[in-house]
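Visitor: I keep meeting words such as "buried" and "salt bridge", and I would like to learn how each one is justified. Could you take me through some examples?

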Amino acid sequence: MTRIIYYEIKESEDGLRVEQYLKRKGYSSQNIASIKRMPESILVNGVHYYMRQTLSPGDRLTVCITETRCSEKIPPVKLPLDIVYEDEDIIVINKPAGMPVHPSLNNYYNTMANALAWYYREQDKPFIFRCCNRLDRDTSGLTVVAKHLVSAGILSSMTGRREVHREYLAITKGHVTPESGTITAPLARKPGTIIERTVDWEQGEPAVTHYRLVAADERHSLVALKLETGRTHQIRIHMKYLGYPLIGDYLYNPDMSCIERQALHSHRLSFPHPITGEAMDFQAPLPADMQSVMTASG
């Protein structure tokens, strides 16, 4: 995979070293170290430059990112892949419920990563899996995958700065009251299990979820949720803590009478584009199984 990025140097950037300029653009020190080792990776006005050389207004800086290796432990498998958006830097996917994001001991050939490996092999392109907002196996919806090391690094930094905004839709048991609010309850691993999490006021990590009611009847509520933090199982635990657990949740509310997976969908994903800075905003409609629950409830 080769990605060539062009930058025009402005008056305010006069005298910056190449590495200083790239850091201002969000490149990490690790990104810069990796790019240094790539052939003909930095050109200024068509001439090879070193990272320590300085830039002048009007210069055209070319960064050539070349990656040839593949993720070795992700075998390509032909699986359905719902691509919402793709460019040279990112790919946004609407993941179905029941599909893990990446391989594990018991799910080695049926993951979104396997599907992407196949997709890139068909294009004769190397593939390194860099998912920036992972979803649980049974959570459906939007996730973004970086296509090279620089977009991955910048997206990771933006996530840390809370510039990647996620909105989920969930179906809960009961009529959620109050109809909007913020849940602030720290989360930690539940003693005796490596999977489950729980509210832990003494040793838990901070976790904040904002919610609002979208629709409801006497049995179920459709709730929109925004995360300030991204703790494991955060929405599932927070809604249970509020008294309205997600239906179909085999860990925290194993009631499968209406749906056979936790009724949780990554509905909206927005962030500045990691290379261009353009505002990106994606939405994925409620999947059929969750729609059917709300239709039956109505």
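Visitor: Which residue stands opposite Ile5, and in which strand?

Guide: Ile5 stands opposite Val63, which belongs to S4. Please keep in mind that this is a predicted model, in which local features need pLDDT of at least 70 and side-chain atom pairs count only at pLDDT 80 or more, while totals for chains, interfaces and linings use all residues. Residues are numbered from 1 along each chain as its sequence is written, and side-chain values use heavy atoms, with hydrogens and water left out.

Visitor: What makes S1 and S4 a pair?

Guide: Two strands (DSSP runs of E, at least two residues, numbered from the N terminus) pair if DSSP finds at least two bridges between them. S1 and S4 are joined in the antiparallel sense over seven bridges, and S5 (residues 83-86) is joined to S6 by three, again antiparallel, so both cases meet the rule of at least two. In the second pair, Ile83 stands opposite Ile93 of S6, and the two strands form a hairpin with three residues between them.

Visitor: Why are S1 and S3 said to stand at the edges?

Guide: The open sheet has four strands in the order S1-S4-S2-S3, with antiparallel pairing. Strand S1 (2-8) and strand S3 (47-48) each have a single partner strand, so one side of each is left without a neighbour in the sheet.

Visitor: How do you know that the length of helix H4 agrees with its number of residues?

Guide: A helix is a DSSP run of H or I with at least four residues, and its expected span is 1.5 Å times one less than its number of residues. For the twelve residues of H4 (residues 149-160) this gives 16 Å, and because the end C-alpha atoms are 17 Å apart, the two values agree. The buried residues of H4, among them Leu149, Ile154 and Met158, pack against several elements, including helix H2 (29-36) and strand S14 (264-272).

Visitor: What makes Glu86 and Lys147 a salt bridge?

Guide: The term requires a side-chain nitrogen of Lys or Arg within 4 Å of a carboxyl oxygen of Asp or Glu. The N to O distance between the side chains of Glu86 and Lys147 is 2.8 Å, so the pair qualifies under that limit. Glu86 lies in strand S5 and Lys147 in the loop between S7 and H4, so the pair ties together parts that are 61 residues apart in sequence.

Visitor: Why is Lys147 called buried or exposed?

Guide: Buried means under 20% relative accessible area, exposed means over 50%, and partly exposed lies in between (1.4 Å probe, protein chains only). Lys147 has 16% and therefore counts as buried, whereas its partner Glu86 has 27% and therefore counts as partly exposed.

Visitor: What class does Arg236 fall into, and what does its side chain meet?

Guide: Arg236 has 2% relative accessibility, so it counts as buried. Its side chain meets that of Asp136 in a salt bridge (2.9 Å, N to O). This pair links distant parts of the chain, with Asp136 in the loop between helix H3 (112-122) and S7, Arg236 in helix H5, and their positions 100 residues apart.

Visitor: Why is Ile194 called exposed?

Guide: Ile194 has 68% relative accessibility, so it counts as exposed. Ile194 lies in the loop between strand S10 (187-189) and strand S11 (197-199).

Definitions and conventions. Contact = heavy atoms within 4.5 Å.
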